[in-house]
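Let us take a friendly walk through a small set of strands, cysteines and core residues. Have a look at the picture first, and then read on.

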Amino acid sequence: MSIREHAVIVAGHTPTILKGAFSYNAGNVFRYYNKAKDCVFYDIDCGCVFQNRISEAKLACLCLEDEKIVYVTTGEYQ
């Protein structure tokens with residue numbers, strides 16, 4: 001297990017499919033690194049609830065050990 005020196009913040013509730021939002025990323029996980037604070041911020045809310053109305057919407061999973069992101073698209077999790 002590796003020990004991180006930087007902080008990681010994982011949040012949701014603001015879907016990355018909302019154009020104009022800080023975390024807009026066309027339905028992909030939003031990642032922002034603040035060098036001064038040595039902190040990574042992730043927004044993993046990719047709008048899964050809107051899958052019937054927005055084609056970019058999907059479910060995202062973030063592995064904290066290696067920061068790998070996996071997506072599940074419409075129909076794969078029903």
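Two strands pair if DSSP finds at least two bridges between them. Keep in mind that this is a predicted model.

**The three-stranded sheet**

With that idea in hand, find strand 2 and strand 3 (residues 39-43), which pair in the antiparallel sense over five bridges. One of the residues to look for is Asn34, whose bridge partner in strand 3 is Cys39. There is an open sheet of three strands, with mixed pairing and the order 1-3-2. Its edge strands, strand 1 (7-11) and strand 2 (30-34), each pair on one side only. From one strand to the next, the twist averages 15 degrees.

**The hairpin**

Now move along to strand 4 and strand 5 (residues 69-72). These strands pair in the antiparallel sense over four bridges, and Cys61 stands opposite Val70 of strand 5. Together, strand 4 and strand 5 form a hairpin, with six residues between them. In the turn, Glu67 has a positive phi of about 60 degrees.

Which residues of strand 4 (residues 59-62) point to the buried face? Ala60 and Leu62 point to one face and are buried, while Leu59 and Cys61 point to the other and are not. This fits a general pattern: in a regular strand the side chains alternate between the two faces of the sheet.

**Cysteines**

How many disulfides does the structure hold? The answer is zero. Cys46 is in no disulfide, and the nearest cysteine sulfur, that of Cys48, is 9.3 Å away. A disulfide would need two cysteine sulfur atoms within 2.5 Å. Here are two cysteines with their relative accessibility:

| Residue | Relative accessible area | Class |
|---|---|---|
| Cys39 | 13% | buried |
| Cys46 | 1% | buried |

Why does Cys39 count as buried? Its relative accessibility is 13%, and the cut-off for buried is under 20%.

**The core**

Cys46 also belongs to the largest nonpolar core, which has six residues. The other members are Val29, Val40, Tyr42, Ala60 and Leu62. Strand 3 and strand 4 are the elements that give two or more residues to this core. More generally, in soluble globular proteins, nonpolar side chains tend to be buried together.

Let us end with Ala60 of this core. Leaving aside neighbours within four places in sequence, Ala60 is in contact with Val29, Ile44, Cys46, Val70 and Tyr71.

Terms used. Residues numbered from 1 in each chain as written. Predicted model: local features only at pLDDT ≥ 70, side-chain atom pairs only at ≥ 80, totals over all residues. Heavy atoms only, no water. Buried < 20%, exposed > 50% of the residue type's maximum accessible area, 1.4 Å probe, protein only. Axes fitted to C-alpha atoms, helices over the stretch in contact; angles between N-to-C directions. Core = buried A, V, L, I, M, F, W, Y, C linked by side-chain atoms within 4.5 Å. Contact = heavy atoms within 4.5 Å.
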